[in-house]
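Hi everyone, thanks for coming. I'd like to walk you through one fold today, so please have a look at the screen.

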Amino acid sequence: MSSLILADGQLASDGWTVLDNEAAWPESGHVVVSLARWRELGKAPAGLEIAVSIPNTENVDEFAAELLDRPMLLLEIPKFADGRAYSQARVLRDRYRYTGQIRAVGEVHVDQIHFMRRCGFDAFVLPESQSVDAARRKLDEFSLSYQHAAVPLTTVWERRRAARAPG
């Protein structure tokens with residue numbers, strides 16, 4: 001069984017149901033649909049909260065505006081070494097100011113969680129093979145950064161500049 005961990009290190013229960021493309025719509029609840037199904041639908045049926053799962057092969061610039069009101073986007077990571085979902089998350093946060101939850105699903109490794117969070121992911125579905133405790137430690141592994149990221153963090157340069165400022 002996979003675990004859902006949030007960017008603040010808390011474990012969460014997952015109240016979302018993934019619908020196949022051919023599945024009937026439930027009358028109410030929280031459902032996750034594929035990008036293709038969402039684009040066919042165009043808007044959420046009454047009584048449903050809909051999140052969208054996005055393959056890492058998609059160019060988010062082509063449809064981001066259609067998804068900005070969705071409460072959650074799932075970015076798929078099919079392979080450990082594939083970083084396209086990182087770019088998707090960064091584009092959604094920086095260029096489109098997406099404020100909903102961006103959830104990493106697929107081959108999520110604890111060694112990458114800190115960097116995923118820096119790109120804008122704020123929830124991670126850990127495969128059974130990954131340790132929740134290790135993931136929590138990785139979220140706070142680095143307290144300093146040299147570059148700005150989707151997660152606000154004062155950079156080393158800014159700290160040095162502030163320390164040298166007269167005052």
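I'll start with the sheet, then move on to the helices that go with it. Please keep in mind that this is a predicted model.

So, in what order do the strands of the open sheet come? There are eight of them, and the order reads β2-β1-β8-β7-β6-β5-β4-β3, with mixed pairing. At the edges we find β2, residues 11-12, and β3, residues 17-18, and each of these pairs on one side only.

Let's stay with β2 for a moment. Its partner β1, residues 3-6, runs antiparallel to it, and two bridges join the pair. If you'd like a landmark there, look for Ile 5, which stands opposite Leu 11 in β2.

Now the helices. Helix α5, residues 132-139, lies across β1, β2 and β8, and runs at about 20° to β1. Helix α3 lies across β5, β6 and β7, and here the angle to β6 is about 155°.

Helix α3, residues 84-94, also packs against a second helix, α4, which spans residues 110-119. How are these two helices oriented towards each other? Their axes are 8 Å apart and meet at an angle of about 30°. The cut-off for roughly parallel is under 35 degrees, so α3 and α4 count as roughly parallel to each other.

Who makes that contact? From α3 we have Tyr 86, Ala 89, Arg 90 and Arg 93, and from α4 there are Gln 112, Phe 115, Met 116 and Cys 119. Sorted by class, that contact has five nonpolar residues, one polar and two charged.

That's my tour, and I'm happy to go back to any view.

Technical notes:
Residues numbered from 1 in each chain as written. Predicted model: local features only at pLDDT ≥ 70, side-chain atom pairs only at ≥ 80, totals over all residues. Heavy atoms only, no water. Axes fitted to C-alpha atoms, helices over the stretch in contact; angles between N-to-C directions. Helix = DSSP H or I, 4+ residues; strand = E, 2+ residues; numbered from the N terminus. Parallel < 35°, antiparallel > 145°, perpendicular 65-115°, else oblique. Contact = heavy atoms within 4.5 Å. Nonpolar A, V, L, I, M, F, W, Y, C, P; charged D, E, K, R; others polar. Pairing = 2+ DSSP bridges.
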